[in-house]
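Reader: I've got this one open on my screen and I'd like to talk it through. Can you take my questions one at a time?

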Amino acid sequence: MWTEVKHAAAEAVLDAGGTITHHHAVGRMHRPQYDRQRPELFADALRSAKRAVDPDGLLNPGVLIDP
């Protein structure tokens, strides 16, 4: 039940024009809403940066972008 309530609350925040990132980290629980909010150009830049600094994909795989 907690997961359903958390998801509904996060969706309500986005629907009301809020941001899922605010001053906290995104994490796996907020990934669906983060994907809706994040511009694809930023995701492309993040993928490129991650490939440069974490070529083996060891740091937080699948949290902000797919591995």
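Reader: Let's start with the surface. What share of the exposed area of the protein chain do carbon and sulfur atoms supply?

Author: Keep in mind that this is a predicted model. The protein chain exposes about 4,900 Å². Of that area, the part supplied by carbon and sulfur atoms is 63%.

Reader: And what percentage of the residues in the protein chain is buried?

Author: To count as buried, a residue needs a relative accessible area under 20%. The protein chain has 67 residues, and the buried ones make up 21%.

Reader: How do the elements of the protein chain run from the N terminus on?

Author: The secondary structure comes to three helices and zero strands. The C-alpha atoms fill a box of roughly 35 × 25 × 20 Å along the principal axes. Reading from the N terminus on, the order is α-α-α.

Reader: Which residues make up the largest nonpolar core?

Author: In soluble globular proteins, nonpolar side chains tend to be buried together. Here the largest such core has five residues in all. One of them, Ile20, touches a mix of residues beyond its sequence neighbours, including His30, Gln33 and Gln37. The full core is Ala10, Leu14, Ile20, Val26 and Tyr34.

Reader: Now for Arg31. Is Arg31 buried or exposed?

Author: Arg31 is found in helix α2, which covers residues 31–37. Leaving aside neighbours within four places in sequence, Arg31 is in contact with Val26, Gly62, Val63, Leu64, Ile65 and Asp66. Its relative accessibility is 12%, and the limit for this class is under 20%, so Arg31 counts as buried.

Reader: Which residue forms a salt bridge with Arg31?

Author: The closest N and O atoms of this pair are 3.1 Å apart, and the two side chains are also joined by a polar contact of 3.1 Å. The partner lies in the segment after α3 (40–53) while Arg31 is in helix α2, so the pair ties together parts that are 35 residues apart in sequence. At 57% relative accessibility, the partner counts as exposed. That partner is Asp66.

Reader: How many salt bridges does the structure hold?

Author: Several of the charged residues are linked to one another: Arg31, Asp35, Arg38, Glu40, Asp44, Arg47 and Asp66 are in a network of salt bridges. For the structure, the count is nine.

Reader: Staying with that network, how far apart are the closest N and O atoms in the salt bridge of Arg47 with Asp44?

Author: Both Arg47 and Asp44 lie in helix α3, three residues apart, about one turn of the helix. Arg47 counts as partly exposed at 27% relative accessibility, and Asp44 is partly exposed too, at 37%. The closest N and O atoms of Arg47 and Asp44 are apart by 2.8 Å.

Reader: With which other residue does Arg47 form a salt bridge, at 3.3 Å between the closest N and O atoms?

Author: This partner is also in the network that links Arg31, Asp35, Arg38, Glu40, Asp44, Arg47 and Asp66. It is partly exposed, with a relative accessible area of 44%. The residue is Glu40.

Reader: Over to Val13. How far apart in space are Val13 and Gln33, C-alpha to C-alpha?

Author: Val13 is found in helix α1, residues 2–15, and is partly exposed, with a relative accessible area of 36%. Not counting residues up to four places away in sequence, Val13 touches Gly18 and Thr19. Val13 and Gln33 are 20 residues apart in sequence, and their C-alpha distance is 9.4 Å.

Reader: Among contacts between residues at least 6 apart in sequence, what percentage joins residues at least 24 apart?

Author: The pair Arg31 and Asp66 gives an example, with the two residues in contact and their parts 35 residues apart in sequence. For the protein chain, the percentage is 38%.

Reader: Last one. Which residue has a positive phi although it is not a glycine?

Author: Look in the segment after α3, where this residue lies. It counts as exposed, at 56% relative accessibility. The phi is about 50 degrees, and the residue is Asn60.

Note on methods: Residues numbered from 1 in each chain as written. Predicted model: local features only at pLDDT ≥ 70, side-chain atom pairs only at ≥ 80, totals over all residues. Heavy atoms only, no water. Core = buried A, V, L, I, M, F, W, Y, C linked by side-chain atoms within 4.5 Å. Buried < 20%, exposed > 50% of the residue type's maximum accessible area, 1.4 Å probe, protein only. Contact = heavy atoms within 4.5 Å. Helix = DSSP H or I, 4+ residues; strand = E, 2+ residues; numbered from the N terminus. Polar contact = N/O pair within 3.5 Å; in protein donor to acceptor, adjacent residues only side chain to side chain. Salt bridge = Lys/Arg side-chain N within 4 Å of Asp/Glu carboxyl O. Areas by Shrake-Rupley, 256 points an atom, 1.4 Å probe, with all protein chains shown as cover.
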